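Dear colleague,

I am passing on a structure for you to read alongside this message. Please open it first and keep it in view while you go through the notes below.

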Amino acid sequence: MKYVLFICTPVGGEELSPAQIADDPRFTSCIDEVRSRDIVKGGARLRPSTDATTVRVQGDEVLLSDGPFVESKEYVAGFDLIEVADLDEAIALASRHPAALGGGSVEVRPVWE
């Protein structure tokens, strides 16, 4: 089954650049594991939530606002698309992710196929 792991970071928390992630042993060991198992099928590191633009439509009017879609204590900082046997395996993987171990969270959501 395919799942998306939404990597959530606390607002005001440490914002690592892709280069810093590549040099951080917490992330490199996690990345090495999933690459060796060939379970990551895609994903991306996202820019900070302050760079987001939210689009809403009310009737014929398109409304834009700066920032994420809701006020929150966390924001989505990236995502991984994984393919694993079942939800238990996806949860096990998410529980070892540095974001979950470092004060953030990882939301596991199944993908419609």
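A salt bridge, in the sense used here, is a side-chain nitrogen of Lys or Arg that lies within 4 Å of a carboxyl oxygen of Asp or Glu. Please keep in mind throughout that this is a predicted model.

With that definition, the structure holds seven salt bridges, and one of them joins the side chains of D38 and K41, where the N to O distance is 3.8 Å. D38 lies in the loop between helix 2 and strand 2, the latter covering residues 40-45, and its phi is near 55°, which is a positive value in a residue other than glycine. Because residues over 50% relative accessible area are called exposed, D38 counts as exposed at 53%, whereas its partner K41, with 40%, is partly exposed.

A second salt bridge is found between R37 and E33, whose side chains meet at 3.1 Å, N to O. Both R37 and E33 lie in helix 2, and they are four residues apart, which is about one turn of the helix. R37 has a relative accessible area of 34% and is partly exposed, and E33, at 24%, also counts as partly exposed. D51 and R47 form another salt bridge, with their closest N and O atoms 3.1 Å apart; here D51 is partly exposed at 43%, while R47 is exposed at 65%. In addition, salt bridges that share partners join E33, R37, E89 and R96 into one network.

Next comes the sheet. Which order do the strands of the open sheet follow? Four strands form this sheet in the order 2-5-1-6, and their pairing is antiparallel. Strand 2 and strand 6 are the edge strands, since each of them pairs on one side only. On average, and with direction ignored, neighbouring strands of this sheet are turned by 20° against each other. Strand 1 and strand 5 run antiparallel and are joined by nine bridges, and within this pair L5 stands opposite D80 in strand 5. As you follow a strand with your eye, it may help to know that in a regular strand the side chains alternate between the two faces of the sheet.

T9 is a residue worth finding in strand 1. With a relative accessible area of 13%, T9 is buried, and, if residues up to four places away in sequence are not counted, T9 touches E14, K73, E74, Y75 and A77.

Helix 3 packs on the sheet, where it touches strand 1, strand 5 and strand 6, and its direction makes about 25° with that of strand 1. Which residues of helix 3 are buried? In this helix, which covers residues 87-95, they are A90, L93 and A94. Seen down the axis of helix 3, these buried residues fall within an arc of 100°, so they line one face of the helix. The elements that the buried residues of helix 3 pack against are strand 1 (2-10), helix 2 (25-37), strand 5 (74-83), helix 4 (98-101) and strand 6 (105-110). At the N-terminal end, helix 3 is capped by D86, which has a side-chain oxygen 3.2 Å from the backbone nitrogen of D88.

There is also a hairpin to look at. Strand 3, residues 53-58, pairs with strand 4, residues 61-66, in the antiparallel sense over six bridges, and V57 stands opposite V62 in strand 4. The hairpin has two residues between the strands, and in it G59 takes a positive phi near 65°.

Finally, is D24 buried or exposed? D24 lies in the loop between helix 1 (18-23) and helix 2, and at 13% relative accessibility D24 counts as buried. D24 and P98 are 74 residues apart in sequence, and their C-alpha atoms are 9.8 Å apart in space.

With best wishes

Notes
Residues are numbered from 1 along each chain as its sequence is written. This is a predicted model: local features need pLDDT of at least 70, side-chain atom pairs count only at pLDDT 80 or more; totals for chains, interfaces and linings use all residues. Side-chain values use heavy atoms; hydrogens and water are left out. Buried means under 20% relative accessible area, exposed over 50%, partly exposed in between (1.4 Å probe, protein chains only). The arc is that of the directions from the helix axis to the C-beta atoms. Contact means heavy atoms within 4.5 Å. A polar contact is a pair of N or O atoms within 3.5 Å; within protein, one must be able to donate a hydrogen and the other to accept it, and residues adjacent in sequence count only if both atoms are side-chain atoms. Two strands pair if DSSP finds at least two bridges between them. Axes are lines fitted to C-alpha atoms, for helices over the stretch in contact, and angles run from 0 to 180 degrees between N-to-C directions.
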